[in-house]
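The following note sets out, point by point, what may be read from the model shown below. Please keep the sequence and the structure at hand while going through the points.

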Amino acid sequence: MSKQALSKKVIHICIISIIIIGIVFTALMFILEYDENGEVNMPFIINKISVISTVDGQDVENPQAKWDLRVNQNNDIYLYIEKNNNYNKTETISTVKIDNLKTEKKSNIGEIKFYKQSQDEKQLYKNIEENVFDSLEYIGAKSSNSKKLEISNQGGIVEFRCANNNIGLYKSDEDTEINHGELLKKININEEDLYANIFFDLTIKLDSGKIFKAEGIKLTIPNSDLITNGKVGQEHDFSEKIVFKRIEN
């Protein structure tokens with residue numbers, strides 16, 4: 001092979017190598033960007049998450065005083081799922097699923113459990129075992145009905161409770177009535193002792209077969225100033241923080 005032919009061959013190999021490296025680099029950049037940002041134009045988005053933190057006392061069995069209460073700290077969580085106005089195709093929700101629930105507690109006070117809504121029409125939530133869930137699935141329907149675990153197929157609210165149960169006991173024969181919002185003060189619980197992080201995955205399945213999943217959505221409970229106010233609501237803007245990835249179609 002002449003020097004001229006060898007030189008041309010080397011140049012061709014270099015050009016091909018540069019093209020391959022460029023393609024691989026572009027693919028890696030795309031993968032890294034998708035891993036960080038996920039789907040950039042979802043059919044449905046999580047507009048916000050609202051958390052309402054409260055305190056309540058439940059009567060213990062065989063009470064030893066006029067007021068013999070087991071104190072719980074409740075966090076009612078509302079996920080607002082809305083249609084993305086920038087998405088130009090028609091899609092409808094088949095199911096919305098919450099699972100892979102995890103907790104990180106700052107102390108050993110109480111026991112955290114997750115509850116779906118009560119079937120009792122007079123009471124939104126009851127912290128009882130039959131309402132505890134590890135996985136919660138809402139079904140797409142014409143309209144939302146949280147007690148039936150239904151969400152409008154055009155978007156709506158998915159809600160559940162995260163409760164820190166049995167954080168203390170309050171006994172009294174002197175109080176004429178009980179303000180549940182003051183129970184944390186009465187049992188000398190510090191707000192910092194109640195702080196915990198909760199994590200969960202959220203999967204949205206569409207009637208078209210597309211499935212989108214966000215992993216490790218994080219919330220810190222309870223809301224600040226609960227001891228002072230007794231009930232605190234807070235809205236979290238997650239419109240640009242929750243990363244969904246397509247796992248089907």
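1. The model under review is predicted. A convenient place to begin is Asp120, which counts as partly exposed because its relative accessible area is 26%. Its side chain meets that of Lys126 in a salt bridge, with 3.2 Å from N to O. Lys126, for its part, has a relative accessible area of 27% and is therefore also partly exposed, given that this class lies between 20% and 50%.

2. The pair just described belongs to a wider set: seven salt bridges are found when the whole structure is searched. Another of them joins Glu91 to Lys210, and here the closest N and O atoms are 2.9 Å apart. Glu91 is located in the loop between strand 2 (67–83) and strand 3 (93–105), whereas Lys210 is in the loop between strand 8 (196–206) and strand 9 (211–221), so this salt bridge ties together parts of the chain that are 119 residues apart in sequence. Are these two residues buried or exposed? Glu91 and Lys210 are both buried.

3. A further salt bridge is formed by Lys97 and Asp99, whose closest N and O atoms are 4.0 Å apart. The two residues fall into separate accessibility classes. Lys97, at 30% relative accessibility, is partly exposed. Asp99 has a relative accessible area of 18% and so counts as buried, the limit for that class being under 20%.

4. Turning to the strands, which of them make up the open sheet, and in what order? Five strands form the sheet, arranged 4-7-2-1-10, with antiparallel pairing. Strand 4 (111–115) and strand 10 (231–236) are the edge strands, each of them pairing on one side only. From one strand to the next, the twist averages 20°.

5. The pairing at one edge can be described in further detail. Strand 1 (residues 44–59) and strand 10 run antiparallel and are joined by six bridges. Among the residues concerned, Ile49 has His236 of strand 10 as its bridge partner.

6. The aromatic side chains also deserve comment. The count of aromatic pairs comes to four. One of these pairs is formed by Phe114 and Phe133; it is tilted, with 6.2 Å from centre to centre and 55° between the planes. Phe114 is in strand 4 and Phe133 is in the loop between strand 4 and strand 5 (136–141), so that the pair links distant parts of the chain, 19 residues apart. Phe114 and Phe133 are both buried.

7. Phe133 also pairs with Phe160. The ring centres of these two residues are 5.9 Å apart and the planes stand at 90°, which is why the pair is classed as edge-to-face. Since Phe133 lies in the loop between strand 4 and strand 5 and Phe160 in strand 7 (residues 156–172), the pair ties together parts that are 27 residues apart in sequence. As with the preceding pair, the question of burial arises: Phe133 and Phe160 are both buried.

8. Which residues form one aromatic cluster? The members are Phe114, Phe133, Phe160 and Phe200.

9. A last contact involves a charge and a ring. The charged end of Lys48 sits over the ring of Tyr80, at 4.6 Å from the centre of that ring.

Methods. Residues numbered from 1 in each chain as written. Predicted model: local features only at pLDDT ≥ 70, side-chain atom pairs only at ≥ 80, totals over all residues. Heavy atoms only, no water. Pairing = 2+ DSSP bridges. Helix = DSSP H or I, 4+ residues; strand = E, 2+ residues; numbered from the N terminus. Axes fitted to C-alpha atoms, helices over the stretch in contact; angles between N-to-C directions. Buried < 20%, exposed > 50% of the residue type's maximum accessible area, 1.4 Å probe, protein only. Phe/Tyr/Trp six-rings, centres within 6.5 Å; stacked < 30°, edge-to-face > 60°. Lys NZ or Arg CZ within 6 Å of the ring centre and 35° of its normal.
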